[in-house]
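Some notes on the model follow. Please read them alongside the coordinates.

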Amino acid sequence: MKIRVTAAQKTAPRAELLVVFALDESAGRALPGLEDAVREAKATGDLRAGFRQLSLFHPTSISSKRLLFVGLGKRRDIDAERLRRAAALAQQRAEELEVRELRLWLSDRECGNVPIEAAGRAIAEGLLLGAYRYDPPRREKSKARHGQNAQVTFHGKDASTFKSGFATGEAAAKATHFARDLGNMAANLCTPTYLASQARKMAGAGVSVRILERKDLERLKMQAFLGVARGSVQAPKLIVLDYRPPNAKGTVCVVGKGLTFDSGGISIKPSAKMDEMRYDMCGSAAVLGLFAAIKNGALRGARGKHRVVGVVAACENMPDAAAQKPGDVVTACDGTTIEILNTDAEGRLVLADALAWAVKTYKPSKVVDLATLTGAVVVALGHEVTGVMGSDDGLIAELIAAGKDVDEPLWQLPLWDVHKDQVKSKFADIANLNSAAHGGGSIAGGAFLSYFVGPTAWAHMDIAGTAWGGRAKDYYRGGASGVAVRTLVHWLRGLR
Ligand code: BES
Ligand code: ZN
Ligand code: ZN
């Protein structure tokens, strides 16, 4: 999608499809030169302004052939999510109408009480995310789609604020497309090697990329990570992306689980829905997506400057003669010994080495990991809410606040000493499960990880529910959601 923001006009712009947002109280009142067209539309009795209601007219009083009103409801009910969804609906209507370019015209009035910067961001996100489709490998190439271009004109004194918000939203949304593509790709195509090749493309503009190969992982004694990869012919990769802006103040690490396929290993999963385990790399898609966003300029104008290190532990979990077995004991790179009670609890094993290594190597002030870690988080919180837990309530609060702002909700789960005790092992330091009698499988996953971050402020986001399978909502139609790219961008932009 090509998309641009243009300066305010005194008269209604001419377009194939002119889109304005309609409020319950009024439609297009603050837009100059639209009065007659609004009067015409009203006269038909068909103008609707309820949230998500669309009304299309062919007015004679303006030069645009079509005028589409997208309802926002009452002005006081407008929030960023409504703007995002309204923009997505406009894009989809443009696609159905087979227009090349839609022209969205709005003023601060239609932003309600949403800060103009956030409004610009939400509208860019809606236009772009609504246009997303996975383009599967098919014999017949998918046809070029209509409605892929948009021009947005903001009428009002805050146009430059709107524009900068729009640029952030555009960068984050394009990066979310990238994350969705990685998630949706088949596991034989999106391998650890493929993830590494995609990561390499992020190099430049302050970002350096390094791929640690199997021999490097052996040298670093990452037996927890290597143990998971043992059953697969796919070579494991530890992907490191390092964004160093000049005069950076501190370092944050963002670590992703990158299981390009999780069969369960010897503790093999049931066949039903096993195909969905290609999504088990969505934590790493969020990390790679964050760097795509950084490359697109998403941190331009951020409050503070921080070095951001992304670490992705990518491998496959497969059953094989060489695969690790239940009862095996492995030693992570920090010396912690781990009893593997279930080879399907593999995400925490790869993250153990990735987290321990990241914390030791980069000494970050904050570390966040993202993982499709547990089925239990889907039971606890469903597909709309990411579970978050960790060692630092301040950091967790920052992430929750960022997620709230971009409508990717997070909910904190407790992680206390009692939970950490539950993963102690009789045959090693810790086990990769708690006992079934303890319950709380998602917390147990977090408790396990807590052993590898030392005193560093750390938060763990369990995105097993939110990375795919959520309800459709105008700017998301199913498949990989690309969750957390926007949250991470917004969190980093706000970091002091
Ligand atoms: N990748 C799965 C978690 C998962 C399950 C994500 C279902 C999305 C949907 C993870 O590696 C896993 O298998 N976890 C086990 C842990 C258990 C063995 C303690 C689980 O959740 O069942
Ligand atoms: Zn698993
Ligand atoms: Zn997994």
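1. Start with helix 8. Of its 14 residues, 13 are buried, so the rest of the structure largely encloses this helix. Keep in mind that this is a predicted model.

2. The length of helix 8 (residues 282-295) checks out. Its 14 residues should span 20 Å at 1.5 Å a residue, and the end C-alpha atoms lie 19 Å apart, which agrees. Gly-297 follows helix 8 and has a positive phi, near 95°.

3. Next, the metal site. Which protein atoms are the donors of the zinc ion (ligand 2)? They are Asp-262 (OD), Asp-344 (O), Asp-344 (OD) and Glu-346 (OE), at 2.0 to 2.2 Å from the ion. The sequence spacing of these donor residues is D-x81-D-x1-E.

4. The geometry around the zinc ion (ligand 2) is irregular, because its six donor atoms subtend angles of 71 to 165°.

5. There is a neighbouring metal to consider. The zinc ion (ligand 3) sits 3.2 Å from the zinc ion (ligand 2). Asp-262 coordinates both ions.

6. Are the donors Asp-344 and Glu-346 buried or exposed? Asp-344 has 21% relative accessibility, so it counts as partly exposed. Glu-346 has 1%, so it counts as buried. The cut-off for buried is under 20%.

7. Last, a helix pair. Helix 3 (residues 116-130) packs against helix 4 (residues 159-184) at an angle of about 35°. Their axes are 7 Å apart. The crossing of helix 3 past helix 4 is right-handed. Their contact has ten nonpolar, eight polar and six charged residues.

Conventions:
Residues are numbered from 1 along each chain as its sequence is written. Chains are lettered from A and ligands numbered from 1 in the order in which they are written. This is a predicted model: local features need pLDDT of at least 70, side-chain atom pairs count only at pLDDT 80 or more; totals for chains, interfaces and linings use all residues. Side-chain values use heavy atoms; hydrogens and water are left out. Donors are N, O and S atoms within 2.8 Å of the metal (3.2 Å for Na, K and Ca); water is not among the atoms, so sites may look incomplete. Four donors count as tetrahedral if all angles lie between 85 and 135 degrees; four count as square planar and six as octahedral if opposite donors are over 155 degrees apart and all others between 65 and 115; anything else is irregular. Buried means under 20% relative accessible area, exposed over 50%, partly exposed in between (1.4 Å probe, protein chains only). Axes are lines fitted to C-alpha atoms, for helices over the stretch in contact, and angles run from 0 to 180 degrees between N-to-C directions. Helices (H or I, at least four residues) and strands (E, at least two) are DSSP runs, numbered from the N terminus. A crossing is left-handed if the near helix is turned anticlockwise from the far one by less than a right angle, and right-handed if clockwise. Ala, Val, Leu, Ile, Met, Phe, Trp, Tyr, Cys and Pro count as nonpolar, Asp, Glu, Lys and Arg as charged, and the others, Gly among them, as polar. The expected span of a helix is 1.5 Å times one less than its number of residues.
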